[in-house]
Each structure stands twice: as C-alpha cells, then as structure tokens.
Amino acid sequence: MLCKYFSETCVLAEQEGRVVGFVSAFVQPESPDVVFVWQVAVDQSQRGKGLAKSLLRNLLNREACENVRFLEATVSPSNNASQSLFKGLARDIQTTCHTSECFSEDLFPGDDHESEWTYRVGPFENIEEV
Ligand SMILES: CC(C)(COP(=O)(O)OP(=O)(O)OC[C@H]1O[C@@H](n2cnc3c(N)ncnc32)[C@H](O)[C@@H]1OP(=O)(O)O)[C@@H](O)C(=O)NCCC(=O)NCCS
C-alpha cells in the first residue's frame, strides 16, 4: 500500500534483480516537515554494510522530502540494529536523535508485545553536503 500510494517516499535496493532492502515511508499529512519511516529492512546477506543508512539518505535527498526537516520512526527497545541505525544517521548528518515513548506495552493485546518508542532525527537541512 505504501509503495502504491507513497512511491515517491519509498526506496528499493536491488542486487542482480533481487530485492535486498527497502524503506517505506510517507510525509506526515499534518506535519509536512516530517517524514515517517514505516519500515526499513535489509536482507540478512547485506546487513552491516551501510545499506539501510544509504537508503535513508537517498530518501531524504529526494524532491518529495525537500521541505522535510525531521525523520521519525518507531522502534521497540530490543531492536538494537534499528536503534543504531537512527542514532548513526543522526550522527552522520550532524543532528540529534530524540527518543520518547510512543505506544506503551499496555496498549497492545496480549502480554508479549514490547512498547514502541519514537526516534526523531533532526532538524536537518541540506544533507547532501554532510
Ligand atoms: C535494522 C536494519 C534495517 C539495519 O540494516 P543495515 O543495512 O545492516 O544497517 P547499516 O549497515 O546501515 O548500519 C547502520 C548502523 O547500525 C549499526 N548496526 C547494524 N546492525 C546492527 C546490529 N545488529 N546491532 C547493533 N548495531 C547495528 C551499524 O553498525 C551502523 O552503525 P554506525 O552508524 O555507528 O556505523 C536491519 O538490521 C534489518 O533489516 N533488521 C530487520 C528489520 C527491522 O528490524 N527493521 C527496523 C524496524 S523499525
């Protein structure tokens, strides 16, 4: 659905015709300076090579993001890779990564769902130069 309706803010990485990574995202309708990353995933064979970070940089450099100053995503506390990704992006583009609780555990059905935290990277401007 995101690729269909928000293709300008979705990014795909292919290797020899095979999808090895993607970012699905949209610019928040009520906050046009915020791009929300719904999902970012990299095939296990390609992890740890900087691909996720370069997909995010590609997204932020797109025309669709020209008014975007913040990137947000929700991350669960056990997802170390994802936390490092957003913190590393913030460091690389010389800005901050602010975290705050988004959905607490009790909002999810059952007992086995972690809370979700908002990672807010920004503000940033022309990231092509950093
Ligand atoms: C999260 C994910 C997309 C990262 O992809 P990746 O291409 O391996 O990430 P990168 O190589 O660009 O690394 C970005 C940073 O995260 C760090 N990192 C990557 N994997 C890590 C891990 N397993 N544990 C800790 N840090 C990790 C890297 O060292 C790098 O840090 P740096 O900026 O300080 O150098 C990938 O692990 C994945 O697909 N996970 C499963 C799906 C998922 O959880 N998506 C996130 C949902 S919000």
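1. Two strands count as paired here if DSSP finds at least two bridges between them. With that in mind, E1 and strand E2 (residues 18-27) are joined by five bridges and run antiparallel. A friendly reminder before we go on: this is a predicted model.

2. Let us take the sheet as a whole. It is an open sheet of six strands, and the order across it is E1-E2-E3-E4-E6-E5, with mixed pairing. Which strands stand at the edges? They are strand E1 (11-15) and strand E5 (96-103); each has a single partner strand, so one side of each is left without a neighbour in the sheet. On average, neighbouring strands of this sheet are turned by 25 degrees against each other, with direction ignored.

3. Back to E1 and E2, where the register can be followed residue by residue. Leucine 12 has phenylalanine 22 in E2 as its bridge partner. Alanine 13 stands opposite glycine 21 of E2, and glutamate 14 is partnered by valine 19, also in E2.

4. The turn between these two strands deserves a look in your viewer. E1 and E2 form a hairpin with two residues between the strands. Glutamate 16 lies in this loop between E1 and E2. What is the phi of glutamate 16? The angle is near 45 degrees, a positive value in a residue other than glycine.

5. Moving one strand further, E2 pairs with E3 in the antiparallel sense, over seven bridges. A hairpin of six residues makes the connection from E2 to E3. Phenylalanine 22 turns up again here: its bridge partner in E3 is alanine 41, while leucine 12 is its bridge partner on the E1 side.

6. One backbone detail is worth checking if you plan to reuse the coordinates. The peptide bond between glycine 122 and proline 123 is cis, with omega at about 0 degrees. Proline 123 belongs to the segment after strand E6 (116-122).

7. Now the ligand, which I expect you will turn to early. Where does the ligand sit? It occupies the largest pocket. The shell around the ligand holds 19 residues, and the closest are Val40, Val42, Gly48, Gly50 and Lys53.

8. Several elements contribute to that shell. Strand E3 (34-42), helix H2 (51-60) and helix H3 (80-92) each supply at least two residues. Which element gives the most to the shell? That is H3, with six residues. E3 therefore has two roles in this note, as it pairs with E2 through seven bridges and also supplies residues around the ligand, given that a residue is near a molecule if one of its heavy atoms lies within 4 Å of it.

9. Three polar contacts of the ligand can be picked out. A polar side-chain atom of lysine 53 is 2.5 Å from a ligand oxygen atom. Valine 42 takes part through its backbone, with a polar atom 2.8 Å from an oxygen atom of the ligand. In glutamine 39, an N or O atom of the side chain is 3.3 Å from a nitrogen atom of the ligand. As for burial, the ligand has 930 Å² of accessible area on its own, and the protein covers 68% of this.

Note on methods: Residues are numbered from 1 along each chain as its sequence is written. This is a predicted model: local features need pLDDT of at least 70, side-chain atom pairs count only at pLDDT 80 or more; totals for chains, interfaces and linings use all residues. Side-chain values use heavy atoms; hydrogens and water are left out. Axes are lines fitted to C-alpha atoms, for helices over the stretch in contact, and angles run from 0 to 180 degrees between N-to-C directions. A polar contact is a pair of N or O atoms within 3.5 Å; within protein, one must be able to donate a hydrogen and the other to accept it, and residues adjacent in sequence count only if both atoms are side-chain atoms. Accessible areas come from the Shrake-Rupley method with a 1.4 Å probe; for residues, only the protein chains shown count as cover. On a 1 Å grid over the protein atoms alone, a cavity is a set of points where a 1.4 Å probe fits but cannot get out, and a pocket is an open set with protein on both sides within 12 Å along at least five of seven lines; lining residues have an atom within 4 Å of a point. A molecule sits in a cavity or pocket if more than half of its atoms lie within 2 Å of its grid points.
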